[in-house]
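This report looks at a few residues that may catch the eye of a bench biochemist, taking the backbone, the interior and the surface in turn. Please keep the sequence and the model at hand while reading.

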Amino acid sequence: MKLKITEIRPFIRYAQSLTVNEASVFKGQRAYDNRLFYLKQGKGIIRIEGVKYELSEGDIMLWRPGLLYDLDGSEG
């Protein structure tokens with residue numbers, strides 16, 4: 001499903017810039033609130049509840065609280 005960011009209209013409580021690379025370890029994370037990730041540059045992989053999504057520059061992922069996720073920059 002593709003949406004425009006203006007259609008989502010998120011309230012952003014906390015924002016941060018995160019660099020993920022081969023040395024990064026973001027395994028087995030669970031958020032207590034909704035997550036919205038915007039890939040500013042490069043490419044990589046995110047796994048949500050074991051489902052692999054390949055991301056490239058400009059992609060946005062949004063998911064609900066409580067889901068298990070991993071970030072992987074080893075392919076990007």
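A residue counts as buried under 20% relative accessible area, as exposed over 50%, and as partly exposed in between. The model discussed here is predicted.

Where does Glu49 fall on this scale? Because its relative accessible area is 45%, Glu49 is partly exposed. Glu49 sits in the loop that runs between β3 (43–48) and β4 (51–56), and its phi is positive, at about 50 degrees, although this residue is not a glycine.

Asp70, which belongs to strand β6 (residues 68–72), is buried and yet has no salt bridge. Two distances describe the surroundings of its side chain, one to a side chain of opposite charge and one to a backbone atom.

| Partner of Asp70 | Distance |
|---|---|
| Arg47, nearest side chain of opposite charge | 5.2 Å |
| Gly28, backbone nitrogen | 2.5 Å |

When its neighbours within four places in sequence are left aside, Asp70 is in contact with Phe26, Lys27, Gly28 and Gln29, and also with Ile45, Ile46 and Arg47. Gly28 and Arg47, the two partners in the table, are thus among the residues that Asp70 contacts.

On the surface, Ile5, Leu36, Tyr38, Ile60 and Leu62 make a nonpolar patch of about 450 Å². The elements that give two or more residues to this nonpolar patch are β2 (35–38) and β5 (60–63), and Tyr38 is one of the patch residues, with its place in strand β2.

Definitions and conventions. Residues are numbered from 1 along each chain as its sequence is written. This is a predicted model: local features need pLDDT of at least 70, side-chain atom pairs count only at pLDDT 80 or more; totals for chains, interfaces and linings use all residues. Side-chain values use heavy atoms; hydrogens and water are left out. Helices (H or I, at least four residues) and strands (E, at least two) are DSSP runs, numbered from the N terminus. Buried means under 20% relative accessible area, exposed over 50%, partly exposed in between (1.4 Å probe, protein chains only). Lys and Arg count as positive and Asp and Glu as negative; His and the chain ends are not counted. A salt bridge is a side-chain nitrogen of Lys or Arg within 4 Å of a carboxyl oxygen of Asp or Glu. A polar contact is a pair of N or O atoms within 3.5 Å; within protein, one must be able to donate a hydrogen and the other to accept it, and residues adjacent in sequence count only if both atoms are side-chain atoms. Contact means heavy atoms within 4.5 Å. Patches are made of residues with over 30% relative accessible area and no salt bridge: like charges are joined within 9 Å, nonpolar side chains (Val, Leu, Ile, Met, Phe, Trp, Tyr) within 5 Å. Accessible areas come from the Shrake-Rupley method with a 1.4 Å probe; for residues, only the protein chains shown count as cover.
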